[in-house]
Structures are given as C-alpha cells and as structure tokens.
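Welcome! Please take a moment to look over the sequence and the model shown here, and then read on for a short guided tour.

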Amino acid sequence: MGSEMVMVDGVPFPPEITAAKSLALLGHGITDIEIHFLQIKYNAIGIYMEKNIIEHLGNWKGKKGAELAEDDLFFEALVAAPVDKFFRIMVIKEIKGSQYGVQLESAVRDRLAAIDKYEEEEEEALEKVSTFFQSKYFKKDSVITFNFSASSRAVEISFATEGKEETKINVENENVVEMIEKWYLGGSRAVSPTTVKSLADNLGAMLSQ
C-alpha cells in the first residue's frame, strides 16, 4: 500500500496505522440518517485489522463481496478472529457526546439482553462507557478510537478534539467488548451498512487471491 490517504466522504484516513502492531485499513464507510429525503452524515469510519485476519476466514475463500456482505456468520468469524483491530471514527456532524454514548449503550445492552448476558458486571462496564462520552462534545473532526487487543480481549476507547487533551478509558468486560465490536462489525445489524459492504468487498478480494 502507498502512503496516500484514503478519502472517506472527504475525510482522510491513513491506509495503515501502527498500534501494538501494524494494521491495515480493510473497510470504511459512514453513519448517516435520512430525514425528509435529506441525508445527514454523522461520522466517517475506518476499520483497521491485521492482514493475517484472512487466515481465520478460510471457509469463505472464493466468495464474492456481495455474498459476504449478506452473510452474518462471516462477520461473526471476523469478530471472533484473534487479531488486533482498531476502529477510527471521525466526526462529520457536531453532536453531544452523550447522544453517541446513548446510542452505543442501548445497542450493546439490547444485544446482550437478547442472549441473556446482561448482568451487573456488564451494566457497570457499559455505564463506564456511557459516562466517558457524557461530558464530551463531538465537534467536527473530533476523533473517537476503539483499540481492540486480541491478547487481552479488552478495548481502549479514546476521544480527541481540537484544543483538548486526548482522554482514554479501558473496558475489560469481554461481553461488552464483543458487542461494541459487533456494533460496527455486526453484519446486517451493524450501525453502518456502507462499512459492512466495504469490509466484505475488500476481504472478498483478499480471500480470492
């Protein structure tokens, strides 16, 4: 890969980043809603992973991106794959951090409740995430990152905005961590269909080599 930025709806993303390891941009997209035929874009999303992720996706070798995008089992395998992953979320439209926090919290809580895994420990971990975003203001070009470590099964969440120091929290509850990951990587139930399609197309191309 060259070092040229990848533009996602006018927002630049580096093609590779170095967290604990070197990770490649394997999918990108946006979150948006349509109100009265007007598209409102909230965030641009970059999904980074170790390239050896495809070693864990052998069952889907030769499948086209269009097929993979519809296959929730493929995305289950993507979430379960023991590789480092890094999500970079760039704010396009200003909102209060609490709005983002509430969306994330309710999505994670609903997913956990549906499989009977929402206990006191999960509630505490999720409250920590919600509180982290509560006091933030998402100005345009603010950056939220989720750094998922394969070795610890934890996620480090960070927030950076112009003129303020970056702030971070660690979440170690495995059930909550998994569902945060699934909020962006959950196939048909993910928050950004454009990101799901992009991941499916790019991973499909890698799997066909």
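The report below goes through salt bridges, a pair of packed helices and a handful of single residues.

This is a predicted model, in which local features need pLDDT of at least 70 and side-chain atom pairs count only at pLDDT 80 or more, while totals for chains, interfaces and linings use all residues. Residues are numbered from 1 along each chain as its sequence is written, and side-chain values use heavy atoms, with hydrogens and water left out.

## Salt bridges

Let us begin with charge. Side chains of opposite charge can pair when their charged atoms come close. A salt bridge here is a side-chain nitrogen of Lys or Arg within 4 Å of a carboxyl oxygen of Asp or Glu. By this rule the model has ten salt bridges. Three of them are set out in the table.

| Salt bridge | Closest N and O atoms |
|---|---|
| E50 with K21 | 3.6 Å |
| K85 with E181 | 2.9 Å |
| K182 with E178 | 3.0 Å |

Two terms help in placing these residues. Helices (H or I, at least four residues) and strands (E, at least two) are DSSP runs, numbered from the N terminus. A residue is buried at under 20% relative accessible area, exposed at over 50%, and partly exposed in between, using a 1.4 Å probe and protein chains only.

Take the pair of E50 and K21, whose closest N and O atoms are 3.6 Å apart. E50 sits in the loop between β5 (38-49) and α1 (65-69), and K21 in the loop between β3 (16-18) and β4, so this salt bridge ties together parts that are 29 residues apart in sequence. E50 has 10% relative accessibility and therefore counts as buried. K21, with a relative accessible area of 41%, is partly exposed.

Next comes K85 with E181, where the closest N and O atoms are 2.9 Å apart. K85 belongs to strand β6 (residues 85-91) and E181 to helix α5 (residues 174-185), so the pair ties together parts that are 96 residues apart in sequence. Both K85 and E181 are buried.

The partners K182 and E178 both lie in helix α5, four residues apart, which is about one turn of the helix. K182 counts as buried at 10% relative accessibility, while E178 is partly exposed at 23%. A network of salt bridges links E76, E178 and K182.

## A charged residue without a salt bridge

Which side chain of opposite charge is nearest to the buried E122? That side chain is K117, 8.1 Å away, and E122 has no salt bridge. For charge, Lys and Arg count as positive and Asp and Glu as negative; His and the chain ends are not counted. E122 lies in helix α4 (residues 120-134). Leaving out residues up to four places away in sequence, E122 touches L112, K117, N173, N175 and V176, where contact means heavy atoms within 4.5 Å.

## Two packed helices

Two packed helices are described by the angle between their axes and the distance between the axes. Helix α2 (residues 72-80) and helix α6 (residues 193-207) pack at an angle of about 80°, with their axes 12 Å apart. The axes are lines fitted to C-alpha atoms, for helices over the stretch in contact, and angles run from 0 to 180 degrees between N-to-C directions. Helices α2 and α6 are therefore roughly perpendicular to each other (under 35 degrees counts as roughly parallel, over 145 as roughly antiparallel, 65 to 115 as roughly perpendicular and the rest as oblique).

On the α2 side the contact is made by F74, F75 and L78, and on the α6 side by V196, L199, A200, L203 and L207. By class, this contact has eight nonpolar, no polar and no charged residues. Here Ala, Val, Leu, Ile, Met, Phe, Trp, Tyr, Cys and Pro count as nonpolar, Asp, Glu, Lys and Arg as charged, and the others, Gly among them, as polar.

Helix α6 also holds T194, which is partly exposed with a relative accessible area of 41%. Apart from residues up to four places away in sequence, T194 touches H28, G29 and I30.

## Two loop residues with positive phi

D116 is in the loop between α3 (97-114) and α4. Its phi is near 60°, a positive value in a residue other than glycine, and D116 counts as exposed at 67% relative accessibility.

D141 is in the loop between β8 (137-138) and β9 (143-148). The phi of D141 is near 75°, again positive in a residue other than glycine, and D141 is partly exposed at 47%.
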